Amino acid sequence: MAESTRDIVLETLRSLSRLEDDGPLVVSLYLDTRWGDGRRREAARLFVKNKIRQVLAVHPPEDGGADLFKDTEQIRRAVDEVLSPGSRHQGRGLVVFASTERQLWVAIPTPRPFENHLVVRRVPYLMPLARMADDFASALLCQVDSRSARVLEFVHGGLAGQSVVDSPEVPGRHQQGGWSQMRYQRHVDWLREKHVREAGDVFVRLADRLPRAQLFISGPHEPVTWLRAMLPKRVLVREPTTLGIDSTCELPGVVRAVLEGIEKRERNLERENVSLTLQEALSGGLAASGPGEVAIAANRGAILELLIHDDVPVSGWRCECSLLLGAGLSPKQCPGCDRGTVPCDLGERLVEKVYAAGGAVEVVREDSRLRDIGGVAARLRFGV
Ligand SMILES: [Zn+2]
């Protein structure tokens, strides 16, 4: 479920990134549609209503805004439906891109809420969706004890499912009538191992079903050791991490521990990725560092993966022909086509250009090295 949503999001990003700059206006809407809080839903509804009013004031229907009026009407209806009591909407967030003139209507419920945002401009506003697509981590935790176990499935910052493996026939270590101590202990050990194997089977089955999920294990030393011993190689290469979660820990505490585990691992992978890319750039290999180099690589369609810092503004310019991007101050004329140039949010444009060319984007949360070089770096397909 989660991973197919991820595919839909990536596909959407790719196709929307290809829209031409000089075409009709596109409405981009991001919403927080979490249930369980009526105030938040009301806030989302009001937000959309007010924003639409503002948009139509700038582009009145009788003065060129007729299609925009249709788009906003369609959006208002869709939002009302999503937020109405009894709605079948499953997402905690909603993203919509609409443009009647471009025959564009995309509405995707998302597992993570967005900050409410409505933007009207000639290209879709993709940054929040790009950030989410990159952060689509799913995870599995196998919490195993000598007689009970559960496998928790996490999708996108929340608990998505739980499988319980209880083996009540596994007794404690006390003597029972009729058994010699040794035979009894052997029997108990056999039951306990059987129980861990059953839990492990469930874990492996789910891990196979979610090939991108991060894997976590927790529990007392002995069952954890047995569990690891029975895991097949294809699961072990995914490096399941052992988390120290107390067996008395309540579910919210467990969820927190796993989310911290996911976060930590993601950050480590990002740091590693930044290190390797910058090293590669320094040694003159297939990498670019800093806005200038990265813009040149993007212009040539050479970017395999863009690394972009979450909160470093990257300013630059784009040519009116929308073919070239550049860093820093806008030149009077585009060096490629002699037309004019306009200042732009270069970071956002780079993200669009890379997606449009079939590349990947990694949004890096915190990394001082990436910050120091201006917020962007890239791994390249070929040298530029
Ligand atoms: Zn140009």
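**Exercise 1.** In this predicted model, determine in which loop Asp338 lies and whether Asp338 is buried or exposed.

*Solution.* Step 1: Asp338 is placed in the loop that runs between β13 and β14 (341-345). Step 2: its phi is positive, about 70 degrees, although the residue is not a glycine. Step 3: a residue is exposed if 12 or fewer other C-beta atoms lie within 10 Å of its own. Asp338 has 10 C-beta neighbours inside 10 Å and therefore counts as exposed.

**Exercise 2.** Carry out the corresponding analysis for Gln103: which loop holds Gln103, and why is Gln103 classed as it is?

*Solution.* Step 1: Gln103 is found between β2 (93-99) and β3 (104-110), in the connecting loop. Step 2: Gln103, not a glycine, has a positive phi of about 50 degrees. Step 3: because 7 other C-beta atoms lie within 10 Å, Gln103 is exposed.

**Exercise 3.** Identify the buried residues of helix α9 (residues 291-299) and state what covers them.

*Solution.* Step 1: the buried residues of α9 are Pro291, Glu293, Val294, Ala295, Ala297 and Ala298. Step 2: their cover includes the strands β10 (287-289), β11 (303-309), β12 (315-319), β13 (325-327) and β16 (376-380), together with helix α10 (346-356). Step 3: just after α9, Gly301 adopts a positive phi of about 70 degrees.

**Exercise 4.** Establish where the largest nonpolar core lies with respect to the domains.

*Solution.* Step 1: this core has 66 residues, and Leu306, Leu350, Val351, Ala377 and Ala378 touch the most other members. Step 2: domain 1 (2-134) and domain 3 (270-380) both contribute residues, so the core lies between them. Step 3: a second, separate core comprises 22 residues, including Leu140, Cys142, Ala213 and Phe216.

How values were computed. Residues are numbered from 1 along each chain as its sequence is written. This is a predicted model: local features need pLDDT of at least 70, side-chain atom pairs count only at pLDDT 80 or more; totals for chains, interfaces and linings use all residues. A nonpolar core is a set of buried Ala, Val, Leu, Ile, Met, Phe, Trp, Tyr and Cys residues joined through C-beta atoms within 7 Å. A residue is buried if 20 or more other C-beta atoms lie within 10 Å of its own, exposed if 12 or fewer, and partly exposed in between; C-beta atoms are placed from the backbone. Domain bounds come from an automatic or database domain assignment. Helices (H or I, at least four residues) and strands (E, at least two) are DSSP runs, numbered from the N terminus. Two residues are in contact if their C-beta atoms, placed from the backbone, lie within 7 Å.
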